[in-house]
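Reader: Please take a close look at one part of this model, the pairing of charged side chains, and place it within the surrounding fold.

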Amino acid sequence: VQLVESGGGLVQVGGSLTLSCQASGYILNYYSMGWYRQGPGAQRDMVATWRTGGVSVYADSVKGRFTISHDIAQKTLSLQMSSLKAEDTAVYYCWLQQGHILPLEEYWGQGAQVTVSS
């Protein structure tokens, strides 16, 4: 499985940005995808996830500002970010998890830098 992110960049506080992730390779019918981010000197944290069945989960810090969406046929994952804050600055990673047995397989994209400036 390969994950390729696009759409990162520089945006001002209060602005909007959309990240996209294209998945390819052998993907099962049941899987989860999502976005994680890692700020400078910080750990990698979950931002939003989607799983087969359409269930989405958001970190409290982005609820009401970010929207995750997934095109099942195209295997693309998007993250619409609005009302961006300086603390949203981070490298954003696309993530996919799948498998029939534990431990589940996990895959990561190369990361996309999002910088929110004031």
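Author: Aspartate 60 and lysine 63 form a salt bridge, their closest N and O atoms lying 3.1 Å apart; the term denotes a side-chain nitrogen of Lys or Arg within 4 Å of a carboxyl oxygen of Asp or Glu. Both aspartate 60 and lysine 63 are exposed, where exposed means over 50% relative accessible area, buried under 20% and partly exposed in between, with a 1.4 Å probe and protein chains only.

The model is predicted, so local features need pLDDT of at least 70 and side-chain atom pairs count only at pLDDT 80 or more, whereas totals for chains, interfaces and linings use all residues. Residues are numbered from 1 along each chain as its sequence is written, and side-chain values use heavy atoms, with hydrogens and water left out.

In general, side chains of opposite charge can pair when their charged atoms come close. The structure contains three salt bridges. In one of them, the side chains of arginine 37 and aspartate 88 meet at 2.9 Å, N to O. Because arginine 37 belongs to strand β4 and aspartate 88 to the loop between β8 and β9, this pair ties together parts 51 residues apart in sequence. Strands (E, at least two residues) and helices (H or I, at least four) are DSSP runs, numbered from the N terminus. Both arginine 37 and aspartate 88 are buried.

Aspartate 88 also forms a salt bridge with arginine 65, the closest N and O atoms being 2.8 Å apart. Arginine 65 lies in the loop between β6 and β7 and aspartate 88 in that between β8 and β9, so the pair ties together parts 23 residues apart in sequence. Salt bridges with shared partners thus join Arg37, Arg65 and Asp88 into one network.

What surrounds arginine 65, not counting residues up to four places away in sequence? Arginine 65 touches Gln80, Met81, Ser82, Ser83, Leu84, Lys85 and Asp88, contact meaning heavy atoms within 4.5 Å. The relative accessible area of arginine 65 is 11%, so the residue is buried.

Met81, a contact of arginine 65, also leads to the nonpolar interior. Together with Met33, Trp35, Leu79 and Tyr92, Met81 touches the most other members of the largest nonpolar core, which has 28 residues. β3, β4 (31-38), β5 (44-51), β7, β8 (76-81), β9 and β11 (112-117) each supply at least two residues of this core. Such a core is a set of buried Ala, Val, Leu, Ile, Met, Phe, Trp, Tyr and Cys residues joined through side-chain atoms within 4.5 Å.

The contacts of methionine 33 include Cys21 and Cys94. A disulfide, defined as a pair of cysteine sulfur atoms within 2.5 Å, joins cysteine 21 to cysteine 94 with an S to S distance of 2.0 Å. The pair links distant parts of the chain, cysteine 21 in strand β3 (residues 17-24) and cysteine 94 in strand β9 (residues 90-98), 73 residues apart. Cysteine 21 and cysteine 94 are both buried.

Strands β3, β7 and β8 also take part in an open sheet of four strands, with the order β1-β3-β8-β7 and antiparallel pairing. Its edge strands are β1 (2-6) and β7, each pairing on one side only. Two strands pair if DSSP finds at least two bridges between them, and β1 and β3 pair over five.
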